[in-house]
There are 2 protein chains.
Amino acid sequence: MDRDLEVFKNKFEKEMKSGLLSFLLLATIGSEKDPTYGYRIINNLASYSGGRYSLPEGTVYPILNQLSERGFLKTYWGDSKTGPRRKYYEITPQGRKAFEICLKEWKFINELVSDMLKNAGVEL
Amino acid sequence: MDRDLEVFKNKFEKEMKSGLLSFLLLATIGSEKDPTYGYRIINNLASYSGGRYSLPEGTVYPILNQLSERGFLKTYWGDSKTGPRRKYYEITPQGRKAFEICLKEWKFINELVSDMLKNAGVEL
DNA sequence: ATAATTACCTCGATGAACAAGGTATGTAGA
DNA sequence: TCTACATACCTTGTTCATCGAGGTAATTAT
């Protein structure tokens, strides 16, 4: 693939990711039976997508703090047997509402794109 | 809906949009039988999504120029019987390649989200 | 000792969307 | 005629987000 397309692809990937950050973090934390923590989330996401969707720490930690400040997550510190202390996260009722909003929007966007592509004669 | 969720929703919508901009523009222009132009694209997109996905001029025109500079679109000026001159756009072979890249990425993201949600016990 | 892994965080550079404002043409009505 | 509106394009500056780079610190392995 030539250089221009390469650049374009990277840009597209990056932009596509952005909207999904909070959404996926809320989904991940909300789905865990036991409270989880930042480092674990980052590694899980990376391995889960075969390394294609990796979120750097500089991105994830600020968003986790932001979600906490907004009352979507609640946190507490806990010990670890294998390393330094961990900050655990749990989703709150308000967080579940926020997740539902993301889900609704995601469905809308998905339909919009499907319709547009169908209209454009592209099969998905 | 309370204020915090409202703000969060707007942020999510905005971020979700961003990755779709070039993708939808390429899809729209690539699917038109006849060459189209900026003002028309903007209005079509707005009406097509029931006003929910509107792209302001300050967003669309720079992207159209950017796509042209990258060789994904070719342009020419033409007259209009009902107003000022129009700048028409057509997709190039390179532009079709770029579109295919977006499409592939879109499918990947889509699957990733589906998997994650399924994993989180959420039905889409 | 020292390197690697685990685990958290902040700062600053870069870059994107878009509100706001600008230019200009054609048309319809008063 | 002139004035308001719709059409049609563009640029600038503000704002805000990502994330690379760097820092701190605990545990374990060599």
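Q: Which element gives the largest share of the surface near DNA strand D?

A: Let's start with the idea: a residue is near a strand if one of its heavy atoms lies within 4 Å of it. Helices (H or I, at least four residues) and strands (E, at least two) are DSSP runs, numbered from the N terminus. In this structure, the largest share comes from α3(B), with 4 residues. Before we go on, please note that this is a predicted model, in which local features need pLDDT of at least 70 and side-chain atom pairs count only at pLDDT 80 or more, while totals for chains, interfaces and linings use all residues. Residues are numbered from 1 along each chain as its sequence is written, chains are lettered from A and ligands numbered from 1 in the order in which they are written, and side-chain values use heavy atoms, with hydrogens and water left out.

Q: Which residues come nearest to DNA strand D?

A: There are 23 residues around DNA strand D, and A:Gly58, B:Tyr39, B:Glu57, B:Arg86 and B:Lys87 come nearest. Of the atoms of this strand that come within 4 Å of the protein, sugar and phosphate account for 73%.

Q: How do I read a polar contact, and which atom of DNA strand D is 2.6 Å from the side chain of B:Glu57?

A: A polar contact is a pair of N or O atoms within 3.5 Å; within protein, one must be able to donate a hydrogen and the other to accept it, and residues adjacent in sequence count only if both atoms are side-chain atoms. For B:Glu57, a side-chain N or O atom is 2.6 Å from a base nitrogen of DNA strand D. The side chain of B:Lys87 has an N or O atom 2.6 Å from a phosphate oxygen of that strand. Chain A takes part too: a backbone N or O atom of A:Lys81 lies 2.7 Å from a phosphate oxygen of DNA strand D.

Q: What does A:Glu57 approach on DNA strand C?

A: An N or O atom in the side chain of A:Glu57 is 2.6 Å from a base nitrogen of DNA strand C. A:Lys87 has a side-chain N or O atom 2.7 Å from a phosphate oxygen of DNA strand C, and a backbone N or O atom of B:Lys81 lies 2.9 Å from a phosphate oxygen. Here α3(A) gives the largest share of the nearby surface, 4 residues.

Q: How many residues does each chain bring to the contact between chain B and chain A?

A: Contact means heavy atoms within 4.5 Å. By that rule, chain B brings 53 residues and chain A brings 53 residues. Buried area is the accessible area (1.4 Å probe) that two parts lose on being put together, summed over both. The two chains bury about 5200 Å², with 76% of it on carbon and sulfur atoms. B:Phe8, B:Phe12 and B:Trp106 supply 13% of the area that chain B buries against chain A, more than any other three residues.

Q: How many salt bridges cross this interface?

A: A salt bridge is a side-chain nitrogen of Lys or Arg within 4 Å of a carboxyl oxygen of Asp or Glu. The rule finds 0 between chain B and chain A.

Q: What is the strand order in the sheet of chain B?

A: Two strands pair if DSSP finds at least two bridges between them. Chain B has an open sheet of 3 strands in the order β1-β3-β2, with antiparallel pairing. The edge strands, β1 (36–37) and β2 (73–78), each pair on one side only. In β3(B), B:Tyr89 stands opposite B:Thr36.
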